[in-house]
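Me: Please take a close look at a single part of this model, namely any cavities, and then work outward to the neighbouring residues. How far does the confidence of the prediction reach?

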Amino acid sequence: MAKNLAIEVLGFGYNNTKIEGENIIYRVNAKLLSSSVIIDYPYLVISENINELQSSTPSSPIDLFVIRDLQRVDNTLKKKVKSGMGLEVNLANARKMSGWQVGKWLNQIRKFYKFCKTSDCQFIFSSGASSVLEMISGPSLDALLKICDIEPESYWLELGDWIESKCHRR
């Protein structure tokens with residue numbers, strides 16, 4: 001059923017007593033959102049379609065926009081993002097890159113992180129794993145954050161605060 005509704009589990013453990021012991025936050029595709037289906041569970045509405053950012057309404061806002069190709073981030077996206085939105089970049093595509101492409105990609109992440117900071121959006125760096133075998137360890141992710149000039153401790157604190165604010169909003 002979760003596959004039919006395009007529900008995924010957010011890729012890290014979250015345990016906050018303010019949400020009455022829930023430790024899973026779901027990712028729900030914006031196209032298939034039906035409030036009657038998951039109203040009792042904490043969730044984030046995600047999208048990969050830039051046109052859905054324009055149709056986002058206060059009753060069904062896009063919480064998280066997934067960026068598959070950093071080279072395609074242009075002024076259109078920069079104009080459509082809203083303050084407080086999460087912008088996710090994942091590592092799945094980097095696995096197929098050559099060395100110089102990875103270096104260029106890491107530089108693009110540095111620039112994108114700065115854009116997120118100036119536009120008051122939450123930068124989210126994820127593994128993009130589609131199976132347990134593709135997951136990335138915490139220390140490895142922290143090392144990549146440091147390479148991108150992002151302080152891991154502050155990144156995780158900001159991400160936790162952002163998730164908490166999104167969950168309490170619902």
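Reply: A cavity is a set of points, on a 1 Å grid over the protein atoms alone, where a 1.4 Å probe fits but cannot get out, and its lining residues have an atom within 4 Å of a point; points are joined across faces, edges and corners, and the volume is the space filled by probe spheres set on them. The model is predicted, so local features need pLDDT (the predictor's confidence in each residue, from 0 to 100) of at least 70 and side-chain atom pairs 80 or more, while totals for chains, interfaces and linings use all residues. Residues are numbered from 1 along each chain as its sequence is written, and side-chain values use heavy atoms, without hydrogens or water.

On these terms the structure holds two cavities of 30 Å³ or more, and the largest cavity encloses about 60 Å³ of space. Its lining is drawn from several stretches of the sequence: Ile67, Arg68, Asp69 and Leu70 contribute to it, as do Val89 and Asn90, then Asn93, Ala94 and Met97, and finally Trp105.

Two residues outside this list can be followed from the lining. Val102 lies in helix H4, which spans residues 99-118 (helices, H or I of at least four residues, and strands, E of at least two, are DSSP runs numbered from the N terminus). Setting aside residues up to four places away in sequence, Val102 is in contact (heavy atoms within 4.5 Å) with Ala94 and Met97, both of which belong to the cavity lining. With a relative accessible area of 25%, Val102 is partly exposed (buried means under 20%, exposed over 50%, partly exposed in between, with a 1.4 Å probe and protein chains only).

Ser126 approaches the lining from strand E6, which runs over residues 122-126. Once its neighbours within four places in sequence are left aside, Ser126 touches Glu88, Val89, Asn90 and Leu91, and among these Val89 and Asn90 also line the largest cavity. Ser126 counts as buried because its relative accessible area is 17%.

Helix H4 and strand E6 are joined by a loop that contains Asp120, a residue that has a positive phi of about 60° although it is not a glycine. Most residues other than glycine have a negative phi. Asp149 likewise is not a glycine and has a positive phi of about 60°; Asp149 sits in the loop between helix H5 (138-147) and helix H6 (152-169), where, at a relative accessible area of 59%, it is exposed.

Leu53, by contrast, counts as buried because its relative accessibility is 1%. This residue is in helix H2, residues 50-54, and, not counting residues up to four places away in sequence, it touches Ile62, Phe65, Leu77, Lys80, Lys82 and Met85. For one of these partners, Lys80, the C-alpha atoms lie 6.4 Å apart in space although Leu53 and Lys80 are 27 residues apart in sequence.

The whole chain gives the setting for these details: six helices and six strands follow one another in the pattern β-β-α-β-α-β-α-β-α-β-α-α, and 39% of the 170 residues count as buried. Of the contacts between residues at least 6 apart in sequence, 52% join residues at least 24 apart.

As for confidence, the mean pLDDT of the chain is 77, with 71% of residues reaching 70 or more. Over residues 9-21 pLDDT stays under 50, and for this segment the model has 27 contacts beyond four places in sequence.

Terms used: On a 1 Å grid over the protein atoms alone, a cavity is a set of points where a 1.4 Å probe fits but cannot get out, and a pocket is an open set with protein on both sides within 12 Å along at least five of seven lines; lining residues have an atom within 4 Å of a point.
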